[in-house]
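This report describes aromatic side chains in one protein chain. The sequence and structure come first, and the text then goes through the rings.

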Amino acid sequence: MSTSEDDSVITQEELEELKELISTQDLSSAVDTIKHFLDQQDRVELNIAVTGESGSGKSTFINAFRGLGDDDEDAAETGEVETTKEPKAYKHPKYKNLKLWDLPGIGTQNFKPHEYLKRVQFERYDFFIIIASGRFRECHTDLVKEIKRMKKNFYFIRSKIDSSIDAAKRKKNFDEKKMLDNIREDCVNGLREIGVEDPVVFLISSWDLNNYDFNSLHERIKSDLPQHKRHVLMLTLPNITTEIIERKKKDLEKNISRVALLSAGAAALPVPGLSVAVDIGLLVNEIQTYKTAFGLDKESLKRISERSGKSIEFLTSVMKSIVCEGITANSIILLLKQSSLYAAEEAVESVLSFIPIIGSVLAAGLSFVAVSYMLKKILNEIAEDAMNVLLTSMNNPE
Ligand SMILES: Nc1nc2c(ncn2[C@@H]2O[C@H](COP(=O)(O)OP(=O)(O)OP(=O)(O)O)[C@@H](O)[C@H]2O)c(=O)[nH]1
Ligand SMILES: [Mg+2]
């Protein structure tokens with residue numbers, strides 16, 4: 001994506017720097033850094049793609065939205081025949097960092113969504129305006145599905161309302177309001193059918209801006225802008241947090257074999273009802289380490305809560321791991337019982353490879369496998385909790 005020459009825009013390099021910074025911090029400090037990052041939403045560039053069928057009035061709409069006539073300097077080219085061949089960006093004169101991308105039209109013949117999306121590099125835009133000049137069609141369905149898959153948002157415009165009205169006027173029982181309601185309903189229904197909960201549809205004539213929904217679209221864009229920018233930032237967050245959490249997880253994973261070996265070693269006690277013997281105290285300790293490393297201990301949660309303004313209850317409501325119930329000998333025994341089912345299957349092979357180290361005690365081999373498996377599972381679950389807590393701490397207010 002070509003970033004603007006404007007210094008005030010958050011660049012890709014800045015995002016990389018942010019990742020580096022956060023990866024060296026503990027999670028509660030990371031919350032601070034990310035929050036600061038989110039506070040800079042004014043600096044985010046919003047790339048709005050205007051898409052839809054060929055000739056539906058995309059370029060004309062962009063000109064109108066920028067307050068330009070089709071013949072003005074720097075206006076997008078419009079025409080009766082297929083006109084826009086390559087995506088081109090137009091800055092909005094008033095809204096800071098808002099770029100409208102005029103996209104080529106979807107050809108009416110043999111529309112191949114995959115080829116079109118690739119050709120216009122659909123994934124690089126932050127937000128979409130779909131323009132339809134006629135009935136709701138399959139190509140609109142394809143566009144919406146792709147936008148939803150990318151977890152991005154869109155507005156839907158039904159354009160050229162003036163010519164729809166002119167055509168309908170030829171009928172004797174012409175009723176403008178009824179006709180406009182019908183058009184809106186057709187679009188809303190089409191969108192609902194593909195799972196859009198609250199479809200936003202605007203009826204517009206770029207030739208008659210004072211009528212229909214042009215003003216409400218304008219207002220809506222203006223008032224939604226901060227939210228859209230925040231959404232752009234929020235979409236980058238899971239990537240940042242996943243990277244940090246994966247790094248921490250890898251570090252802790254390195255220790256699993258050592259701990260499993262130790263726990264199945266000399267001080268091992270049989271687990272009631274199982275043919276494994278382990279040092280439970282050692283495991284309790286290790287899992288406590290995970291909890292602290294991921295910032296899910298009481299102190300860290302308190303700090304995250306203070307820094308994010310979200311209550312501890314709200315933050316912990318997204319947690320599912322053993323951390324919620326407390327790490328006790330009993331809860332570990334329970335998990336070991338579950339893990340040993342898996343361990344029994346894996347044991348033969350693993351035990352053979354560990355015989356030279358632990359000796360020929362089958363129980364020790366089984367214990368080793370059960371503990372390794374359990375620790376891995378717990379580590380994954382705690383890491384997932386940490387990810388969810390972090391994302392929850394960044395979300396909009398409770
Ligand atoms: N009546 C009417 N005609 C419009 C309106 N908007 C655009 N047009 C006309 O529709 C034709 C196509 O408009 P464009 O803006 O070039 O359409 P486009 O979607 O950008 O077309 P491509 O770039 O070729 O995909 C032009 O002749 C416009 O003048 C409108 O609101 N009302
Ligand atoms: Mg065009």
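## A buried pair

Tyr125 is buried, with 0% relative accessible area. The model is a predicted one. Phe128 is buried too, and its relative accessible area is 0%. Both values fall in the buried class because that class covers anything under 20%.

The rings of Tyr125 and Phe128 make an aromatic pair, with 6.2 Å from centre to centre. Their planes meet at 85°, and the pair is edge-to-face; planes over 60 degrees apart are classed that way.

## The cluster around it

Which residues form one aromatic cluster? Tyr125 and Phe128 belong to it, together with Trp101 and Phe122.

A charged residue is also placed at a ring here. Arg124 lies over the face of Trp101, 4.4 Å from the ring centre.

## The pair count and a link between helices

In total, the count of aromatic pairs is eight. One involves Phe65 and Phe214: their ring centres are 6.5 Å apart and their planes stand at 75°, so this pair is edge-to-face. It joins distant parts of the chain, as Phe65 and Phe214 are 149 residues apart. Phe65 is in helix H3, which spans residues 58–65, while Phe214 is in helix H8, which spans residues 214–253.

Are these two rings buried or exposed? Phe65 has a relative accessible area of 3% and is buried. Phe214, at 7% relative accessibility, counts as buried as well.

Definitions and conventions: Residues numbered from 1 in each chain as written. Chains lettered and ligands numbered in written order. Predicted model: local features only at pLDDT ≥ 70, side-chain atom pairs only at ≥ 80, totals over all residues. Heavy atoms only, no water. Phe/Tyr/Trp six-rings, centres within 6.5 Å; stacked < 30°, edge-to-face > 60°. Helix = DSSP H or I, 4+ residues; strand = E, 2+ residues; numbered from the N terminus. Buried < 20%, exposed > 50% of the residue type's maximum accessible area, 1.4 Å probe, protein only. Lys NZ or Arg CZ within 6 Å of the ring centre and 35° of its normal.
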